[in-house]
Amino acid sequence: MAMIEIPPASLHTPCSQAPNFTLGILGDLHLSPDRQMRLFEEAKDQLVTVLESQQAKLGGGAACQAGLVQLGDVGGYHHQPGSLACFQRCRDWLAGFDLPVALITGNHDLEGLEFKTDALNLAAWQETFQQEHHWRVDVGPAILLGLGTSRFRSNQHSAHEVHVDAEQLAWFRNQLDASQGRPVIVFSHAPILGSGVRSVLDVHVKNRCAWLNHSTNPHVFMELVESHPNIHLWFSGHFHLSHNYADSISVVGRTAFATTGVIGKANRDGFRHSWVLSATPTEYRLQTLDHGTGRLRLDLVQEWGSRAAPAPRPNRTNLLKAPSVVPVMSALPGLQFKGGEALESTAAQWFQIGNGAVLGRKEGLLVEYEAASASPIGVVLTDLEDDHQIRFRGADGGILSGIALDEAATLEVCGPEGDGAAEVAVLHSIPRNAQGTFYQIFQRNKWQLRLAKESAAKAHPAASSQ
């Protein structure tokens, strides 16, 4: 496919100099041309109605710019995600809003089987949507910055890690440095490490594709947030979780991080949500649009000029405390260690393993957290039973005691003690990994595995046919 010059994303219309704006923010779309289409069409009608109402409240078209931001993963799982046909289907569906739209790429947008390289897949996406995969849009009082992933086939481990390359990162840094204190709103497919939004431990954390640039310097984004306090909002998708958790909106400093739900059946908890963000030169208002009911819920109001931390409304309704449909848990729940003893914390068992890491055992999982950011960064084991015991051995083979385990060389999972047994059975023995901690690599790059399988089949056709 020949490369063409792609214009930047734009939410601009003849009234683009309006002082106010209202945006519909759509999470992972996974548009499916099947029986689900009624849900997508229903959501479209709801969004159009709500945005028209919000625009009218803010002075009408001459005073308020309306538009959409879509956070990537446009194709349905069973409908050729990442393909040219998938992109064209989404483009046509979005055109039905009759509103300006800016999109970013998600991990599934670059898995098109018809493309041999990430660059060709990305070029097809850009040509179809006629925009770059990362962009700046100035609207009302704010600067909107979109960050898109640029690789899938070339990821070292999980193909689904959302990756911002060095060139785009430099562009992002330059945009922030040039913002001169104006309010900035950021959009990315995956959230950033340290943001504190709710994550899915047994999927994205386990496969180390939860955070932006999860395996390659994920800390750089929070460092930029800390050095640019004019980043007021950061929206992400990726997890397919609704807005009905206390940590669907998380606050770090003066930045509010918001996870974005889905409008189809690809949700994890039974709720279908989008965000509606409305702003004037003095404040912004963030509301959840519940596509199941068509109702709006006000979740956050904040003045641009306030030096106080944003405070999500405590009386938000329908908040979920402990959903049973998926084992999810957010950042370390106020865990502290004193004198080698762990404080009680959410019925979990904790181990300090050194190198800035802590292991937490909960809901059958042994999860590794980075202590500095209080974020889950990997999984050690997924099949722990209630009667399994965890212990650690030093380099000399001796069993270590306590929870301060910097000297541990090996982690062991043992079965229950039997009557009269001299030694319990060791079910797993796990040495420290190359990073000096214990998380495991569960998911290899599926594109590279497929190519290796095809290569082996060509080299040994007789064996592969058996």
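R91 has a relative accessibility of 35% in this predicted model, and because buried means under 20% and exposed over 50%, R91 counts as partly exposed. The side chain of R91 meets that of D92 in a salt bridge, with N and O 3.3 Å apart. This pair belongs to a wider set, for the structure holds eleven salt bridges.

Another of these pairs joins R285 and E283, whose closest N and O atoms are 3.9 Å apart. R285 is partly exposed, with a relative accessible area of 35%, and E283, at 24% relative accessibility, also counts as partly exposed. A further salt bridge is formed by R393 and E412, and here the closest N and O atoms are 2.9 Å apart. This pair links distant parts of the chain, since R393 sits in strand β21 (residues 389-394) and E412 in strand β23 (residues 408-414), with their positions 19 residues apart in sequence. E412 is buried, having a relative accessible area of 7%. Elsewhere, salt bridges that share partners bring R136, D138 and R182 together into one network.

The three pairs described above can be set side by side.

| Salt bridge | N to O distance |
|---|---|
| R91 and D92 | 3.3 Å |
| R285 and E283 | 3.9 Å |
| R393 and E412 | 2.9 Å |

From these pairs the view can widen to the whole protein. Its secondary structure comes to eight helices and 24 strands, and buried residues make up 56% of its 466 residues. Among the contacts in the protein with a separation of 6 or more, 67% are accounted for by residues 24 or more positions apart.

The largest nonpolar core has 39 residues, and those with the most contacts inside it are L147, F172, I192, L212, F221 and W234. Several elements give two or more residues to this core, including the strands β5 (142-147), β6 (184-188) and β8 (231-236) and the helices α4, α5 (201-205) and α6. The strands β19 (365-370) and β20 (375-381) are also on that list. Helix α6 gives the most to this core, with five residues.

Which residues of α6 are buried? They are V220, F221, M222, L224 and V225. What covers the buried residues of α6 includes β5, α4, β8, β9 (249-252) and β10 (255-259). F221 can be followed individually: leaving aside its neighbours within four places in sequence, F221 is in contact with L147, V164, L169, F172, I192, L212, N213 and W234.

Helix α4 deserves a description of its own beside α6. Helix α4 (residues 166-177) and helix α6 (residues 219-227) pack at an angle of about 10°, and their axes are 11 Å apart. Because angles under 35 degrees count as roughly parallel, α4 is described as roughly parallel to α6. On the α4 side the contact is made by L169, F172, R173 and L176, while α6 contributes V220, F221 and L224. By class, this contact of α4 with α6 has six nonpolar residues, no polar residues and one charged residue. An α-helix has 3.6 residues a turn, so residues three or four places apart point the same way.

Two residues stand out for their backbone angles. Most residues other than glycine have a negative phi. D73, however, has a positive phi near 60° without being a glycine. D73 lies in the loop between β2 (64-70) and α2 (84-95), and D73 is buried, with a relative accessible area of 1%. N355 likewise is not a glycine and has a positive phi of about 55°. N355 is found in the loop between β17 (349-354) and β18 (357-362). Is N355 buried or exposed? At 57% relative accessibility, N355 counts as exposed.

One last position lies in another helix. S53 belongs to helix α1 (residues 37-57) and is partly exposed, with a relative accessible area of 33%. The C-alpha atoms of S53 and T22 are separated by 9.8 Å, and these two residues are 31 residues apart along the chain.

Terms used: Residues numbered from 1 in each chain as written. Predicted model: local features only at pLDDT ≥ 70, side-chain atom pairs only at ≥ 80, totals over all residues. Heavy atoms only, no water. Axes fitted to C-alpha atoms, helices over the stretch in contact; angles between N-to-C directions. Helix = DSSP H or I, 4+ residues; strand = E, 2+ residues; numbered from the N terminus. Parallel < 35°, antiparallel > 145°, perpendicular 65-115°, else oblique. Contact = heavy atoms within 4.5 Å. Nonpolar A, V, L, I, M, F, W, Y, C, P; charged D, E, K, R; others polar. Salt bridge = Lys/Arg side-chain N within 4 Å of Asp/Glu carboxyl O. Buried < 20%, exposed > 50% of the residue type's maximum accessible area, 1.4 Å probe, protein only. Core = buried A, V, L, I, M, F, W, Y, C linked by side-chain atoms within 4.5 Å.
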